[in-house]
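This report looks at how one chain is divided into parts and at what surrounds its ligand. Please keep the sequence and the structure in view while reading.

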Amino acid sequence: MNKSFNPTNDQSLALFDRLESEVRSYVRAFPVLFDHAVGTTLTAADGREYIDFFAGAGALNYGHNNPAFKQFLIDYIERDGIVHGLDLATTAKRAFIEAFENFILIPRGLNYKLQFPGPTGTNAVEAALKLARLVTGRPNIVAFTNSFHGVSAGALAATGNKEMRAAAGFPLANVTSLPYDGYLGENIDTLDYFEKLLVDPASGLDKPAAVILEAIQGEGGINIASTSWLQRLRDLTTRHGILLILDDIQAGVGRTGTFFSFEPAKIVPDIVTLSKSLSAIGTPMSLMLMKPEHDVWAPAAHTGTFRGNNLAFVTARAALEVYWSDSKFEEEIARKSGILAAELGSIVKDFPKLGLSIRGRGLMYGLVSRRYRELPGLVSKEALGRGLVMETAGSYGEVLKFMTALTITEADLRRGLSIIRDSIGAVAATLDSGSA
Ligand SMILES: *Cc1c(COP(=O)(O)O)cnc(C)c1O
């Protein structure tokens with residue numbers, strides 16, 4: 001427990017309401033004044049505890065303040081390790097790159113060069129899109145329905161969400177949106193359409209520099225691209241000289257059961273973007289991986305003051321060593337994934353009138369409520385009152401999104417799932433004279 005923590009009854013959020021912009025989002029869904037957190041337990045200022053089934057939208061795959069590597073950060077600060085260094089060489093950065101090569105690239109037979117763009121995910125996406133255009137000399141990019149790639153102009157152009165796009169305030173150009181796997185129903189391979197557009201000289205599609213996609217869409221509602229679809233997309237883009245950018249910012253770093261979400265499909269993207277959980281402790285960090293032949297940047301052609309956050313390098317390196325030096329962590333994720341999928345399956349069966357379904361992989365799951373699109377939002381609210389934080393996803397918020405830390409204990413996982421089961425029961429009782 002936090003020794004210096006003095007609970008306060010003042011839970012007021014009035015200051016935020018008064019002075020912080022209307023753009024606030026998560027604080028509206030979870031109007032709680034938080035103070036500290038360890039593992040998967042968040043503690044509010046009044047001492048109330050919440051189970052975290054949200055994990056910083058995927059930025060906290062290793063939980064809060066993980067004791068396995070927190071001390072490395074404290075020690076680094078204590079010894080006045082370099083904190084800010086632009087892209088200067090530092091020992092912390094070298095140790096991270098070494099660990100990334102040894103624990104991630106070499107065991108997977110991957111040959112990539114590394115670029116550290118600005119610290120957020122959208123910075124990595126911007127760098128990736130810019131590089132693809134530079135490599136090919138083509139302006140157009142293909143992105144997919146329900147995608148989310150960030151909100152700076154270039155990344156936003158490749159993002160599906162209507163409200164976010166509208167907030168840009170100017171036309172988002174040079175991206176063609178095409179149907180993701182499954183978008184037109186189970187029996188339609190949406191790549192038939194893409195392939196036709198590419199080969200037909202009158203299709204109207206400007207040949208793209210790159211295709212950007214998530215192998216499992218996070219914000220878009222836990223939509224999964226099948227292995228065969230991903231393999232066909234890789235083949236199609238290779239044949240047409242189009243780069244494949246895999247945005248693994250949310251689904252990467254173990255979230256779907258393997259370090260990269262595209263590993264089960266055995267494809268090798270030309271460019272990969274990582275961020276969210278890469279720093280391991282929640283500090284900002286992003287990384288772009290590119291095949292060496294695509295590294296055509298001139299020195300300083302793409303810069304940034306906050307490239308390479310050294311505090312993030314310290315914990316990122318430690319996490320790679322602790323969790324990714326053998327296959328134990330992947331086995332642990334698979335075991336918890338089994339518990340999660342089984343319990344969600346049983347919830348679906350126990351509330352037949354709700355017409356729920358599940359989809360996901362690893363510890364990235366969605367409980368889909370097509371019949372009652374408002375249900376996930378109501379369940380999230382109900383669960384908060386019962387001491388659990390979780391968010392919704394999908395075009396209409398129709399997906400209840402399960403994103404626990406990968407390090408969650410089995411007991412917390414089961415306890416959280418039982419809160420969700422009870423919350424669904426409570427909400428179901430209020431729908432159409434008690435649908436369940
Ligand atoms: C979160 C996210 C981004 C954007 O990252 P930010 O750090 O929020 O800019 C990009 N792509 C995917 C798939 C994401 O989930």
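## Two domains in one chain

In this predicted model, the C-alpha centres of domain 1 and domain 2 lie 26 Å apart. The domain assignment gives domain 1 as two stretches of the chain, 14–65 and 330–433, while domain 2 is given as residues 69–323.

## Where the domains meet

How many residues of each domain are in contact with the other? On the side of domain 1 there are 31 residues, and they are in contact with 32 residues of domain 2. About 2400 Å² of area is buried between the two domains, and carbon and sulfur atoms give 52% of this area. Within the area that domain 1 buries against domain 2, Y62, R361 and M364 together supply 34%, which is more than any other three residues.

Polar groups also take part in this interface, where 16 residue pairs are found in polar contact across domain 1 and domain 2. The count of salt bridges between the two domains is one. K401 forms a salt bridge with E219, and the closest N and O atoms of this pair are 3.1 Å apart. By the domain bounds, K401 falls in the stretch 330–433 of domain 1, and E219 falls in domain 2, 69–323.

## The surroundings of the ligand

Which residues surround the ligand? The shell consists of T120, G121, T122, F148, H149, G150, E214, D247, I249, Q250 and K276. When these shell residues are divided by character, two are nonpolar, six are polar and three are charged. F148 and I249 are the nonpolar members, whereas E214, D247 and K276 are the charged ones.

## Polar atoms facing the ligand

Three residues of the shell can be followed down to single atoms of the ligand. In the side chain of D247, an N or O atom is 2.7 Å from a nitrogen atom of the ligand, and a polar side-chain atom of K276 lies 2.7 Å from an oxygen atom of the ligand. F148 takes part through its backbone, where an N or O atom lies 3.3 Å from a ligand nitrogen atom. Taken alone, the ligand exposes 380 Å², and the protein buries 82% of that area.

Methods: Residues numbered from 1 in each chain as written. Predicted model: local features only at pLDDT ≥ 70, side-chain atom pairs only at ≥ 80, totals over all residues. Heavy atoms only, no water. Near = heavy atom within 4 Å. Polar contact = N/O pair within 3.5 Å; in protein donor to acceptor, adjacent residues only side chain to side chain. Areas by Shrake-Rupley, 256 points an atom, 1.4 Å probe, with all protein chains shown as cover. Domains from an automatic or database assignment. Contact = heavy atoms within 4.5 Å. Buried area = accessible area lost by both parts, 1.4 Å probe. Salt bridge = Lys/Arg side-chain N within 4 Å of Asp/Glu carboxyl O.
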